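This report describes the fold, the nonpolar core and the main pocket of one protein chain.

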Amino acid sequence: MAARSIASLTVTFGLVSVPVKLFSATQSSAGISFNLLHQACGSRLKQQYLCAKEGVVVERADMAKGYEFAKDQYVIFTADELKQLEEKGNQSIEIVAFIPVASVDPIYYDKAYYLAPDKGGARPYALLAHAMREMGRCALARWAWKGKQYMVQVRAAADGLILQQLLYADEVRALSDL
């Protein structure tokens, strides 16, 4: 099956804008998935949420999201408050610096995407990829996607550009902690 673009974006730096299409670089394997069943009759089981204090089943309409700031103490957020916290997507990948490719440790790599030139972007796309390959550089950039701000690396591969989502330092365990 042919790959389908999941977004149209613009790679920007300075006064340069390169229109690109975003493609997922990976696909989940067709593995086997299981359901939990009642052994006696073979019917599928339903998941329920129970109140830890009262022991009663809680319906979705009666649920709220909260952040635990101390043991068993929560700040509760409304749906509107959570929506305001979301990062607004702006359809652009904003390059903030060009750095040596080897300066990003692969331990920080998360999900990878392919970038392909969009309409009117073939020449600047090819020029950007060629320049990064020749100089041994990659781009460090910001990208807002699905309500979250990401730091990403844009690097040149043999056939084009790869956008690599990066993990933040606090998301990576230190080997010395083991």
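## Fold and overall form

Which pattern does the chain follow when it is read along the sequence? The pattern is β-β-β-β-β-β-α-β-β-α-β-β-β, with 2 helices and 11 strands in the chain (DSSP runs, H or I of at least four residues for helices and E of at least two for strands, numbered from the N terminus). The radius of gyration, taken over C-alpha atoms, is 22 Å, well over the 16 Å that the globule rule (2.2 Å times the number of residues to the power 0.38) gives for 178 residues, so the chain is more spread out than a compact globule.

This is a predicted model, in which local features need pLDDT of at least 70 and side-chain atom pairs count only at pLDDT 80 or more, while totals for chains, interfaces and linings use all residues. Residues are numbered from 1 along each chain as its sequence is written, and side-chain values use heavy atoms, with hydrogens and water left out.

## Nonpolar core

The largest nonpolar core (buried Ala, Val, Leu, Ile, Met, Phe, Trp, Tyr and Cys residues joined through side-chain atoms within 4.5 Å) has 23 residues, and Ile93, Leu115 and Trp143 have the most contacts inside it. Buried here means under 20% relative accessible area, with a 1.4 Å probe and protein chains only. Among the elements that each supply at least two residues of this core are β7 (92-100), α2 (122-135) and β9 (137-145).

Not counting residues up to four places away in sequence, Trp143 touches residues including Leu9, Leu22, Ile93 and Leu163 (contact means heavy atoms within 4.5 Å).

Terms used
Buried < 20%, exposed > 50% of the residue type's maximum accessible area, 1.4 Å probe, protein only.
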